[in-house]
Structure formats: structure tokens, C-alpha cells
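Visitor: I'm new to this one. Could you take me through a single part of it, slowly, the place where the two chains meet?

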Amino acid sequence: MIRLAAVGDIHVGEERDEALARDLAQLGGCADVLLLAGDLTRCGTRAEAAELASILDAAPVPVVAVLGNHDHHADQVDELVGCLESAGVTVLEGGTIVLEVHGTTLGIAGVKGFGGGFAGACASDFGEPEMKAFVRHTKDVAEQLRAGLASLDTDHRVALLHYSPVAATLHGEPLEIFPFLGSYLLAEAIDAAGADLVLHGHAHRGSERGVTPGGVRVRNVARPLIGRSFQLFELDPAAAAMP
Amino acid sequence: MSEPRGTEGVDAVPEYVVAHVHEALATDPRVMEQGIEVVATGSTVVLMGRVFSQRQHDAASEVAHEQAPGFTIRNDLEVLDRPSPPGPVEQLR
């Protein structure tokens with residue numbers, strides 16, 4: 001039995017988030033691993049990264065993270081990732097990690113993801129260079145996600161994202177901004193490779209539960225949405241990863 | 001920090017005021033939250049959603065006031081600054 005704690009959009013600033021620090025320091029009693037679904041900082045500065053690292057350094061379980069759009073704002077991604085890695089955090093951007101927990105293996109494929117919208121109402125790889133670059137970035141990260149999941153030969157597979165692969169977990173946000181909150185290309189990649197669970201954030205006013213067209217559970221764990229420092233999930237050891 | 005606005009012309013049109021306040025809340029370093037809902041009702045601008053500290057909550061009022069000086073700001077933001085017990089475990093069968 002593997003128990004996951006997951007949260008996105010913790011938006012750590014330079015000042016101490018005492019509530020978050022205290023909750024994450026006590027994770028050991030209720031979870032085997034902590035998954036962070038992006039927007040770890042408010043704007044991705046070195047000072048925020050140091051504060052975040054000091055909080056995560058105290059977490060008593062392995063921590064795996066993807067970055068979000070906020071983490072890119074200050075253009076200091078390398079410093080942010082380096083700071084997190086020195087605190088023992090695994091940061092995924094197109095990569096994977098395999099953890100062994102209670103005799104079973106957990107594979108995690110992580111990408112930030114990106115926008116573009118959902119089938120029938122999405123941006124196309126057409127027109128101005130800016131629009132093509134936008135859509136191609138989503139295509140690139142979706143392909144990284146597909147390849148990452150496909151490479152995992154583990155008892156369980158989890159896709160960790162910041163942007164959403166489905167519209168269902170965005171409901172509550174204004175419909176007009178859905179194309180900036182996720183893309184169906186991410187769901188298509190997940191369904192092509194298979195997974196047990198998808199975790200994402202980004203949509204603070206969205207909904208917690210959804211499913212991909214291929215039947216993979218999707219959970220929006222944005223902290224402002226769930227209203228607590230993390231959400232807990234238990235993976236059934238009897239359930240094999242979808243083909 | 002966002003550039004303050006006035007009280008006349010386009011700066012007094014509620015649709016633009018909402019857009020300016022929303023943009024400033026998303027980009028001003030004092031707040032930097034994209035998920036804040038901004039609504040203008042009559043001469044009042046209402047802020048709704050969740051932020052992570054009292055400082056951020058109070059800064060949202062300051063930023064909104066700078067962008068909408070002709071409006072009353074009603075700050076209904078909830079602050080997530082208390083430790084929370086773990087919630088129920090979702091069992092994925």
C-alpha cells in the first residue's frame with residue numbers, strides 16, 4: 001500500500017509560511033512520498049527558493065516536484081532547481097523517478113505541461129510564430145510526458161503536472177481562460193502510455209476530480225482549492241498500471 | 001509595482017477597472033496571485049478567493065486601491081495561514 005501526499009500552488013514567498021512548514025514536517029505519519037504539482041514559489045527568486053528548500057528539507061518523506069509558471073517568472077529556474085535538489089527534492093521536467101515503497105514500485109513522470117485548450121476549442125499549430133511556438137511547446141512537453149510514462153515498468157505510474165490535462169478539473173474557473181490552464185494534448189499523451197493517477201494544480205478555482213477520455217483519474221490538488229496543505233491518496237497494490 | 005491609475009475617463013469604467021486590478025494582482029510582487037476573482041458592483045470592487053498570508057491579503061487591498069482609486073475596495077479574500085489536519089484519504093481502487 002502506497003500513500004501519496006500531494007499539493008500544488010503552495011506559492012512560497014520570502015516570508016515563512018508557518019502553517020505549510022508545520023504540516024509538511026509532520027507528513028511522516030500519514031504519507032510515504034510528497035508530490036508537488038508546480039507553482040512552488042510566488043515568482044521563482046533565489047530568496048524564495050531558499051525559503052522553500054528550508055521547508056522541504058524538513059519533510060520526513062521523499063519529495064518529487066514539477067515547476068509551474070510562477071516558478072519561471074524571475075528567469076532563475078536553474079538556481080531554483082539547484083536549491084531544491086540540494087534540499088533532496090527531485091525536480092522533474094520531462095524525466096521520471098522510480099521509488100520503492102513497502103515492496104512495490106512507484107514510477108512518477110513529471111512535466112510542467114502548458115496551455116492550448118481542449119478538444120474542439122483549442123489553439124492550433126498555425127499562423128504567427130508566437131502562436132506556433134505556444135502550441136509546439138505544449139506538444140513537446142506532452143511528448144516528453146508520454147515517453148516518460150511509457151518508459152516506466154513499475155507497479156504504479158503517476159503523472160505529475162502543473163497544467164491540467166482535462167477540462168473537468170477546471171470547472172469553477174472562467175470558461176474563457178481554460179486554454180491558459182491546460183491542454184488535451186497532455187491527456188492524449190497520458191492515455192497513450194497509461195497511468196494510475198494524474199495530479200495537477202494551477203486552477204485555484206477549479207474542481208478536484210476529473211478523468212481523462214481513456215479513464216485515468218485526474219486530481220487537481222491546488223492548495224487554494226483543497227484548502228489544506230496536502231491531499232492524501234492511497235494506491236491499491238492489487239491494481240496494476242493500465243497498459 | 002504597478003503604476004497607479006486615476007479616477008476619470010477609462011480609469012473609471014468598471015470593465016477596465018476589473019481588468020487593471022486583476023492584472024496588477026497577478027503581476028505586482030506584493031501579491032502575485034492570478035487566482036483572485038475581481039468583481040465591480042456599482043462603486044465597489046470586491047476581491048474573492050484564497051491567499052497564503054495576512055500580508056498578501058492586506059497588500060491585495062493596497063494594489064486594488066491604487067488601480068481603482070475612485071472605487072471602494074471590499075476585500076473578501078480568505079487567508080490560508082493555519083495548520084490543517086490531514087484530510088480523508090482517497091483510496092484509488
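Guide: Sure, let's stay with that one place. Keep in mind that this is a predicted model. On one side, 26 residues of chain B take part, and they are in contact with 36 residues of chain A. Together the two chains bury about 2,700 Å², with 52% of that on carbon and sulfur atoms. If you want a few residues to look for, try Phe52(B), Glu90(B) and Leu92(B): they supply 26% of the area that chain B buries against chain A, more than any other three residues.

Now for the charged and polar links. The rule finds five salt bridges across the interface of chain B and chain A. One of them pairs Arg93(B) with Glu234(A), where the closest N and O atoms are 3.8 Å apart. As for polar contacts, the count between the chains is 14 residue pairs, with both residues at pLDDT 80 or more.

So much for the links; here's what chain B brings along. Its α2 (54–67) and β6 (89–92) each supply at least two residues of the side that touches chain A. The largest share, four residues, comes from β6(B). Sort that side of chain B by kind and you get 11 nonpolar, seven polar and eight charged residues.

Finally, zoom in on β6(B) itself. Over in chain A, strand β13 (residues 231–235) is joined to β6(B) by four bridges, and the two strands run parallel. Within this pairing, look for Glu90(B) in β6(B): standing opposite is Phe233(A). You've met Glu90(B) already, as one of the three residues that together supply 26% of chain B's buried area here.

Technical notes: Residues numbered from 1 in each chain as written. Chains lettered and ligands numbered in written order. Predicted model: local features only at pLDDT ≥ 70, side-chain atom pairs only at ≥ 80, totals over all residues. Heavy atoms only, no water. Contact = heavy atoms within 4.5 Å. Buried area = accessible area lost by both parts, 1.4 Å probe. Salt bridge = Lys/Arg side-chain N within 4 Å of Asp/Glu carboxyl O. Polar contact = N/O pair within 3.5 Å; in protein donor to acceptor, adjacent residues only side chain to side chain. Nonpolar A, V, L, I, M, F, W, Y, C, P; charged D, E, K, R; others polar. Pairing = 2+ DSSP bridges.
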